[in-house]
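Here are some short exercises to work through with the model open beside you. Try each task before reading its solution.

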Amino acid sequence: MNESFVKNRITELRLQNNLSEYQLSLSIGHSKGYIQSITSGRNVPSLTALFEICDYFNITLSEFFDSDLATDTLPLYHDIVTDIKNLSTNDLFLLSMLLKRLLNSSQ
C-alpha cells in the first residue's frame, strides 16, 4: 500500500456516497480543505483521521485497505459477517463446507 492507494480509496468512498471533499472534511471534524489536501497529495492522514474516515463510512480499517472488497457490496459483507459471528462451531463448519463447494462448482 502507498499514499496513492489511500487518497484513491478516500476518493472512491466519497464519490460512492455523493460527498464533496468539503462535506467529508467537515463531517469528520476537520477544516473544510482537509480531505482535498489528502487527495491532492499535500498531506497524509494520521491514523486517527483514517479511523474517523472509516467510522464515517461504517467500515473497518481492514476493509478500507482491502482492495478486493467492492465498496458497493460492503453493506452485504457487513450483514454476512454479523450473521456468521452468531453461528455455533458446528454451523461454522457446515458453512465452510458449503462455501468450498460453491467455490469449487463455480470454477
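**Exercise 1. How many helices and how many strands does the chain have?**

Solution. This is a predicted model, in which local features need pLDDT of at least 70, side-chain atom pairs count only at pLDDT 80 or more, and totals for chains, interfaces and linings use all residues. Residues are numbered from 1 along each chain as its sequence is written, and side-chain values use heavy atoms, with hydrogens and water left out.
- Step 1: assign helices (DSSP runs of H or I, at least four residues) and strands (runs of E, at least two), numbering them from the N terminus.
- Step 2: count them, which gives seven helices and zero strands.
- Step 3: read along the sequence to get the pattern α-α-α-α-α-α-α.

**Exercise 2. Set the radius of gyration of the chain beside the value for a compact globule of 107 residues.**

Solution.
- Step 1: take the radius over C-alpha atoms, and use the globule rule of 2.2 Å times the number of residues to the power 0.38.
- Step 2: the rule puts a compact globule near 13 Å, but the chain has 17 Å.
- Step 3: add the spans of the C-alpha trace along its principal axes, about 50 × 30 × 25 Å.

**Exercise 3. Which residues of the largest nonpolar core touch the most other members?**

Solution.
- Step 1: collect buried Ala, Val, Leu, Ile, Met, Phe, Trp, Tyr and Cys residues joined through side-chain atoms within 4.5 Å. Buried means under 20% relative accessible area, with a 1.4 Å probe and protein chains only.
- Step 2: the largest such core has 19 residues, and I10, L24, I35, F57, I59 and F64 touch the most other members.
- Step 3: trace the suppliers; α1 (3-16), α3 (34-39) and α4 (47-57) each give at least two residues, and α4 has the largest share, five residues.
- Step 4: look at F57, leaving aside neighbours within four places in sequence; F57 is in contact (heavy atoms within 4.5 Å) with L13, R14, N17, L19 and L24.

**Exercise 4. Is S25 buried or exposed?**

Solution.
- Step 1: locate S25 in helix α2 (residues 21-27).
- Step 2: S25 counts as buried because its relative accessibility is 0%.
- Step 3: list its contacts beyond four places in sequence: H30, S31, K32, G33, Y34 and I35.
- Step 4: for a longer separation, take T73, 48 residues from S25 along the chain; their C-alpha atoms are separated by 24 Å.

Conventions:
Buried < 20%, exposed > 50% of the residue type's maximum accessible area, 1.4 Å probe, protein only.
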